[in-house]
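Could you walk me through this structure? I'm new to it, so let's take it one question at a time.

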Amino acid sequence: MNLISINIYIDKIQFEIFSIYNDKKNIIQQNEIRIPVSFSIGDKLEYIRKFISIIIKQNKVKKAYLNIKDRLEMYTIKFEATLEELLSSYGVEICN
């Protein structure tokens with residue numbers, strides 16, 4: 001089973017896709033999505049949604065961990081809500 005850990009910042013989304021087998025973490029992919037500053041908030045949310053949607057489908061992700069790094073920023077809260085909705089629509093379990 002593949003899992004994804006997503007770190008949410010105001011200007012980027014970092015993610016790591018991994019699997020756990022016999023208590024060993026096997027990293028499949030690590031990367032980040034830079035969010036263009038010039039985009040409106042709606043465009044930023046759609047941009048994130050499209051990228052993460054592709055990543056979830058390609059890697060057959062079943063569980064996700066969301067971590068907000070810039071807690072006091074309004075954008076990160078909106079990013080988190082968008083990601084939670086997206087993950088839920090794909091049947092991905094959100095873990096804490």
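What follows is a short round of questions and replies.

Me: Before we start, what kind of model is this, and how are residues numbered?
Reply: It's a predicted model, where local features need pLDDT of at least 70 and side-chain atom pairs count only at pLDDT 80 or more, while totals for chains, interfaces and linings use all residues. Side-chain values use heavy atoms, with hydrogens and water left out, and residues are numbered from 1 along each chain as its sequence is written.

Me: In what order do the strands of the open sheet run?
Reply: Strands (E, at least two residues) and helices (H or I, at least four) are DSSP runs, numbered from the N terminus. Two strands pair if DSSP finds at least two bridges between them. The sheet has five strands with mixed pairing, in the order E3-E2-E1-E4-E5.

Me: Which strands stand at the edges?
Reply: An edge strand here has a single partner strand, so one side of it is left without a neighbour in the sheet. That goes for strand E3 (24-34) and strand E5 (93-95).

Me: How many bridges join E4 and E5?
Reply: E1 and E4 pair in the parallel sense over seven bridges, and there Ile4 has Ala64 of E4 as its bridge partner. On to E5, where Glu93 is the bridge partner of Lys63. E4 and E5 also pair in the parallel sense, and their bridges number three.

Me: At what angle does H1 run to E3?
Reply: Axes are lines fitted to C-alpha atoms (for helices over the stretch in contact), and angles run from 0 to 180 degrees between N-to-C directions. Neighbouring strands of the sheet are turned by 25 degrees against each other on average, direction ignored. H1 packs on that sheet, touching E1, E2, E3 and E4, and its direction makes an angle with that of E3 of about 155 degrees.

Me: Which element gives the largest share of the largest nonpolar core?
Reply: A nonpolar core is a set of buried Ala, Val, Leu, Ile, Met, Phe, Trp, Tyr and Cys residues joined through side-chain atoms within 4.5 Å. The largest one has 22 residues, and Ile4, Ile6, Ile13 and Ile52 have the most contacts inside it. Strand E1 (2-8), strand E2 (12-21), helix H1 (41-59), strand E4 (61-68) and helix H2 (74-89) each supply at least two of its residues. The largest share, five residues, comes from H1.

Me: Is Ser53 buried or exposed?
Reply: Ser53 is found in helix H1. Contact means heavy atoms within 4.5 Å, and Ser53 touches Leu86 and Tyr90, not counting residues up to four places away in sequence. Buried means under 20% relative accessible area, exposed over 50%, and partly exposed in between (1.4 Å probe, protein chains only). Ser53 has a relative accessible area of 11%, so that makes it buried.

Me: Why do the buried residues of H2 line one face?
Reply: The buried residues in H2 are Thr76, Phe79, Thr82, Leu83, Leu86 and Leu87. An α-helix has 3.6 residues a turn, so residues three or four places apart point the same way. The arc is that of the directions from the helix axis to the C-beta atoms. Seen down the axis of H2, the buried residues line one face because they fall within an arc of 130 degrees.

Me: How far does H2 reach from its first C-alpha to its last?
Reply: The expected span of a helix is 1.5 Å times one less than its number of residues. H2 has 16 residues, and the expected value is 22 Å. The reach in the model is close to that, at 23 Å.

Me: What is the relative accessible area of Asp23?
Reply: Asp23 is found in the loop between E2 and E3. Most residues other than glycine have a negative phi, yet Asp23 has a positive one, near 60 degrees. Asp23 is exposed, with a relative accessible area of 78%.

Me: Where does Lys60 lie?
Reply: Lys60 is not a glycine, although its phi is positive, about 50 degrees. Lys60 is exposed, with a relative accessible area of 60%. Its place is the loop between H1 and E4.
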